[in-house]
Each structure stands twice: as structure tokens, then as C-alpha cells.
Amino acid sequence: MEVAYQPIERVYFPEMGIASVVATMTGGRQSEVGIVGHDGMTGVAVILGQDRSPNETYIQVAGNGWILPVEDLRAAIAASQSLRESLLRYAHAFLVQSSRTALVNGHSKIEERLARWLLMVQDRAEGNKIYLTHEFLATMLGARRPGVTTALQMLEYRGLVHAKRGEIAIVDRVGMIKLTHGAYGEEEQSHFGLASA
């Protein structure tokens, strides 16, 4: 969808499905810095007057939505002050999400980070099942695959999730929220219009 440092040609407004915004370091190490679902759009750089981003954006969970050429979005923003203000509020909320992700990734245990990430995906997905591999989860969390596997086993041992090959089901949402020790909370949910747990 978006390639790092390349012009953004289209923005996506998912109705179902999830896109990941992923940062890459020299040497190829990657970590997700934001999630986009039915609550937002890709191409935040465009809202902020830029034509490219240092991050990649790609579909994480298939779904459907709307595609808009960047030129059409810019024309709509220029023609509508209320649209511009709404998109800037979203850009701010996305930046809050990204900054909280950086904070959590720097200070939380891997099982807390995994629980937060699974909750954020569930907020933007249909149902309680998430279809992803351990390798993909490791990239999203900026962690090593064995650490993700151990953290997922711990969540399952505590009865918070049920995991099988390529599929994770959250079975105790309240317990997952408690496990995050504040890494997933009302502040973030309020920015995206999500109900408090």
C-alpha cells in the first residue's frame, strides 16, 4: 500500500480489515508503530501536507474499504474546513497511538505488549479470532519469534487466549486488559471512539 520514502498515491479507508504501519531500521529490523482499522485511514503523512512517509503500510488482516487517490483527498480537504479538522483530529489520535506504542515497547514486558497488541487488533476486527503467525507477531512487536511464542503460551496458560496454528482467540478480554498494567487503557480508546472495557 505504502512503500517507505516513495510518493503516496492512494489512501485507504478500511471498513473491515486492518493495515499496519511498520518502521524499519538499518539492517532490516522492523516494528509496527501503528494500526489502522475502521477507525481511520492510511496516509496520515498526506493529511499533514507531506507526500511520503519513512514507514511502510500494508494490509495485516484482509477486509474491504474505500480507496481514494491522494489528489482527490487534497481537493476535498481544500474544499471542506470540517473535513480538514476531522482528518487532523484523526492524525493527532494516530500520533498518540504511535507514541504510546513506543512507550509500551520500551517499558513493558513482552506478554504485556502482546496482550495490548491483540486487544488493539480485536478493537478493529470482526469477532474475537485473529489469524496471524508467530513470525508476523514478532515483526509487529519488534521482538524475537521465540519470545512471542513463550508470551503467547503464557497468555494461554492463564486462560486469556486460545491459540492454535495461525489463529488466536481472545477468551478473557478483561483479564487481558488487566495484564497490560495500563499499557492498554481508556486514554487510547477515547481517541479512537472505542468503548471502555
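Where in the chain is confidence lowest, and where is it highest? I began with this point, since the model is predicted, and I found the lowest confidence in helix 8 (residues 186–191), at a mean of 58, and the highest in helix 2 (residues 70–79), at 97. For the chain I noted an average pLDDT of 88, with 94% of the residues scoring at least 70.

**Entry on aromatic pairs**

I looked next for aromatic rings that pair, and the count came to two. One of them joins Y58 and F136, which meet edge-to-face, with 6.4 Å from centre to centre and 70° between the planes. I noted that this pair links distant parts of the chain, because Y58 sits in strand 3 (residues 56–69) and F136 in helix 5 (residues 134–141), 78 residues apart. For Y58 I read a relative accessible area of 22%, so this residue counts as partly exposed rather than buried, the limit for buried being under 20%.

I then turned to Y90 and F94, an aromatic pair that is tilted, with 6.3 Å between the centres and 40° between the planes. I asked myself why Y90 and F94 are separated by about one helical turn. The two residues are four apart in helix 3 (residues 81–107), which means a separation of about one helical turn. I kept the general rule beside this: an α-helix has 3.6 residues a turn, so residues three or four places apart point the same way. I also checked burial here, and found that Y90 is buried at a relative accessible area of 9%, while F94 is buried at 7%.

**Entry on helix 5**

I came back to helix 5 to see which of its residues are buried, and I wrote down F136, L137, A138, M140 and L141. Just after helix 5, I saw that G142 takes a positive phi of about 65°.

**Entry on the pocket**

Which residues lie nearest the centre of the largest pocket? I found R29, Q30, S31, G142 and A143 there, out of a lining of 13 residues. The space in the largest pocket is about 280 Å³. I noted that strand 2 and helix 5 are the elements that give two or more residues to this lining. By class, I recorded five nonpolar, four polar and four charged residues in the lining of the largest pocket.

**Entry on the cavity**

I searched for enclosed space as well, and the structure holds one cavity of 30 Å³ or more, with a volume of about 90 Å³ for the largest cavity. Its lining has 14 residues, of which E32, T101, N105, R116 and W117 lie nearest the centre. I listed the elements that give two or more residues to the lining of this cavity as strand 2 (30–36), helix 3, helix 4 (110–124) and helix 5. The lining of the largest cavity divides into seven nonpolar, four polar and three charged residues.

**Entry on the sheet**

I finished with an open sheet of three strands, in the order 4-6-5, whose pairing is antiparallel. I noted that strand 4 (129–130) and strand 5 (161–164) stand at the edges, each with a single partner strand, so one side of each is left without a neighbour in the sheet. Between strand 5 and strand 6 (residues 167–170), which run antiparallel, I found four bridges. I looked up the partner of A163 in strand 6, and the bridge goes to I168.

Definitions and conventions. Residues are numbered from 1 along each chain as its sequence is written. This is a predicted model: local features need pLDDT of at least 70, side-chain atom pairs count only at pLDDT 80 or more; totals for chains, interfaces and linings use all residues. Side-chain values use heavy atoms; hydrogens and water are left out. Rings of Phe, Tyr and Trp (its six-membered ring) pair if their centres lie within 6.5 Å; planes under 30 degrees apart count as stacked, over 60 as edge-to-face and the rest as tilted. Buried means under 20% relative accessible area, exposed over 50%, partly exposed in between (1.4 Å probe, protein chains only). On a 1 Å grid over the protein atoms alone, a cavity is a set of points where a 1.4 Å probe fits but cannot get out, and a pocket is an open set with protein on both sides within 12 Å along at least five of seven lines; lining residues have an atom within 4 Å of a point. Grid points are joined across faces, edges and corners, and a volume is the space filled by probe spheres set on the points. Ala, Val, Leu, Ile, Met, Phe, Trp, Tyr, Cys and Pro count as nonpolar, Asp, Glu, Lys and Arg as charged, and the others, Gly among them, as polar. Two strands pair if DSSP finds at least two bridges between them. pLDDT is the predictor's confidence in each residue, from 0 to 100.
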